[in-house]
Amino acid sequence: MLRLHEIKLALDHDPADLERAVIARLGIRPEELVEFHIFRQAVDARKKGAIHLVYSVDAAVKNEQRFLSRRKSPAIVAAPDLAYQVVTPGREKLQQPPLVIGSGPAGLFAALLLARQGYRPLVLERGKPVEERYLDVERFWSAGKLEAESNLHFGEGGAGTFSDGKLTTLIHDSRCRKVLEEFVLAGAPAEILYLNKPHLGSDRLPAIISRIRQTITALGGEVRFHSRVDDLLIKDKKMSAVVVAGQGSLEAAAVILAPGNSARDTFAMLLERGVTLQAKPFSLGLRIEHPQSLIDQAQYGAAAGHPRLGPADYKMFFHAPGGRSAYTFCMCPGGLVVGVATEEDGLPTNGMSLFARAGANANSALLVGVTPVDFGSDHPLAGMEFQRTWERKAFALGGSNYFAPVQLTGDFLADRPSAALGNIQPTYRPGWRLAQLRDCLPGYVTETLRLALPLFEKRLPGFARADAILTGVETRSSSPVRIVRNDDFESNIQGLYPAGEGAGYAGGIMSSAVDGLRAAEALIRKYACP
Ligand SMILES: Cc1cc2nc3c(=O)[nH]c(=O)nc-3n(C[C@H](O)[C@H](O)[C@H](O)COP(=O)(O)OP(=O)(O)OC[C@H]3O[C@@H](n4cnc5c(N)ncnc54)[C@H](O)[C@@H]3O)c2cc1C
């Protein structure tokens with residue numbers, strides 16, 4: 001196969017135009033083209049008056065070797081082999097199947113790989129299967145009733161289950177392809193393999209996740225719900241067993257630990273058991289909501305609403321003079337702002353979308369980086385306590401019933417309370433209450449956001465419009481803790497493999513899934529199948 005980069009076509013191009021462009025780029029006769037498929041499709045909207053689709057295409061031609069030796073061009077190369085490289089198992093025999101704690105992207109993909117290589121993993125998940133979890137999440141949205149073990153963070157699929165399902169990532173790891181392929185095998189649309197910014201949506205994710213679970217069990221693995229790991233039994237600095245709440249202990253010499261960024265009780269238990277943890281930087285801020293039409297117009301101009309474009313997104317960054325940075329994060333086109341509480345008296349927020357991204361509002365986190373210096377203590381869990389402090393303030397500001405505190409952007413900038421909403425309705429459920437959001441943020445976060453918003457307005461007109469909705473408080477953008485691991489992916493406890501976002505080595509669905517694969521590979525490299 002040959003890979004052709006940078007084939008630019010107008011937004012309204014005909015499907016046959018791509019084939020013609022491929023033939024023209026290759027400089028061959030039509031009958032010499034055997035087949036082709038899109039490898040990557042992106043939107044180039046830098047010039048609003050001339051928005052293009054940009055394709056990379058894989059093409060097969062007759063006499064490929066001869067063709068390559070004749071045609072030397074950086075825009076035509078041999079397509080690299082993207083097949084997943086299976087690792088060779090080690091020799092140390094496991095007496096029991098490996099355990100995987102957590103069924104978020106990291107745990108799920110670790111378990112899937114272990115299952116595919118015959119290790120019959122046992123996944124322990126504190127929450128419920130996705131179908132039951134969905135009902136608990138609905139109850140939270142409709143009645144503000146929080147289930148401590150079944151919510152937007154805990155349960156099958158982890159934090160990514162109710163999300164926009166964005167599959168974009170900043171990591172460059174060939175395993176990303178493996179993750180996308182597994183999602184497609186589990187029923188995700190094939191377009192995720194080539195779209196530059198693929199996403200799955202909260203309406204499609206549950207079925208995809210439960211199909212991955214079915215594959216794990218069909219391959220001899222097991223997924224146990226309602227199984228919170230409450231303790232580790234460690235002998236001579238080696239994993240010996242885990243204790244599951246209400247179920248006793250399970251022997252395990254090899255454990256992948258993928259608890260996500262919100263398992264605060266689990267972090268505390270790990271620390272008590274002597275597992276090395278470190279506080280790490282994360283970010284804190286608010287969600288902002290606009291009409292999606294405003295974002296589409298700002299990004300695409302007259303082409304806004306074109307069916308080939310879909311709802312627009314954005315990403316902006318600002319360095320404040322004092323050294324702080326603010327940025328937009330996890331933008332959800334046509335989405336909803338959601339509460340992602342896991343504790344009785346705290347209210348963190350996040351965003352999600354359905355696959356169609358057809359909601360009236362766009363939302364995104366508006367974050368400022370914080371570091372251990374801000375936490376006021378050098379305790380490894382100080383960042384977690386710091387998060388808790390601001391989540392509790394937001395909870396109280398909303399009325400202590402999981403209503404979210406909300407303020408208009410104009411009022412936040414002018415430091416005055418909002419009296420009424422403007423033309424934008426908050427999407428947050430079960431409800432909201434007008435509040436001064438500076439009361440649930442550290443002063444330097446408020447100040448940095450007040451500097452950033454006017455700058456973002458310049459880049460995306462309307463971004464800081466007076467009635468844009470701000471909702472508090474966004475604290476769980478990444479883990480406040482790192483579970484330290486060595487080059488072989490083991491913690492200071494032999495046989496304990498921390499993975500994913502909660503372990504501090506990933507952020508987002510793709511990088512967490514990839515990290516799960518890497519942890520599973522490390523385990524496979526060391527141990528033979530039980
Ligand atoms: C609302 C929302 C929207 C998001 N949108 C996106 C997006 O569009 N794109 C993106 O890339 N990222 C998104 N994210 C972030 C993404 O979901 C996370 O980065 C990712 O899920 C982290 O994967 P993980 O496997 O490391 O942890 P998690 O997904 O958090 O999974 C951890 C799992 O471990 C379980 N667990 C915890 N402790 C224990 C224990 N002691 N015993 C047993 N089980 C335990 C939990 O119940 C959970 O199921 C979103 C997050 C949220 C909350």
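**View 1. Helices α3 and α12 packed at an oblique angle.** Angles between helix axes count as roughly parallel under 35 degrees, roughly antiparallel over 145, roughly perpendicular from 65 to 115, and oblique for the rest. With that in hand, welcome to this predicted model. Two packed helices are described by the angle between their axes and the distance between the axes. Here, helix α3 (residues 105-116) and helix α12 (residues 509-526) have axes that cross at roughly 40° and come within 7 Å. The two helices, α3 and α12, are therefore oblique to each other. The crossing in which α3 passes α12 is right-handed.

**View 2. The residues where α3 meets α12.** From α3, the contact draws on Pro105, Ala106, Phe109, Ala110, Leu113 and Leu114. Facing them from α12 are Ile509, Ser512, Ala513, Gly516, Leu517, Ala520, Glu521, Leu523 and Ile524. Sorted by character, the residues of this contact between α3 and α12 come to 12 nonpolar, 2 polar and 1 charged.

**View 3. The ligand and its surroundings.** How many residues surround the ligand? There are 38 of them, and the closest are Ala106, Glu125, Ala159, Glu501 and Ile509. Two of these names may be familiar from the previous view: Ala106 belongs to the α3 side of the helix contact, and Ile509 to the α12 side.

**View 4. Backbone atoms beside ligand oxygens.** Ile509 places a polar backbone atom 2.7 Å from an oxygen atom of the ligand. For Ala159, a polar backbone atom is 2.8 Å from a ligand oxygen. Gly165 also takes part, with 3.2 Å between a polar backbone atom and an oxygen atom of the ligand.

**View 5. Two cis peptide bonds.** As background, most peptide bonds are trans. The bond leading from Arg429 to Pro430, however, is cis, and its omega is near 10°. Pro430 sits in the loop between α10 (409-414) and β21 (432-434). Gly472 and Val473 are likewise joined by a cis peptide bond, here with omega about 0°. Where is Val473 placed? This residue is in strand β22 (residues 469-474).

**View 6. A positive phi at Glu6.** Most residues other than glycine have a negative phi. Glu6 is one to pause at: its phi is near 60°, a positive value in a residue that is not glycine. Look for Glu6 in strand β1 (residues 2-10).

How values were computed. Residues numbered from 1 in each chain as written. Predicted model: local features only at pLDDT ≥ 70, side-chain atom pairs only at ≥ 80, totals over all residues. Heavy atoms only, no water. Axes fitted to C-alpha atoms, helices over the stretch in contact; angles between N-to-C directions. Helix = DSSP H or I, 4+ residues; strand = E, 2+ residues; numbered from the N terminus. Left-handed = near helix turned anticlockwise from the far one by under 90°. Contact = heavy atoms within 4.5 Å. Nonpolar A, V, L, I, M, F, W, Y, C, P; charged D, E, K, R; others polar. Near = heavy atom within 4 Å. Polar contact = N/O pair within 3.5 Å; in protein donor to acceptor, adjacent residues only side chain to side chain.
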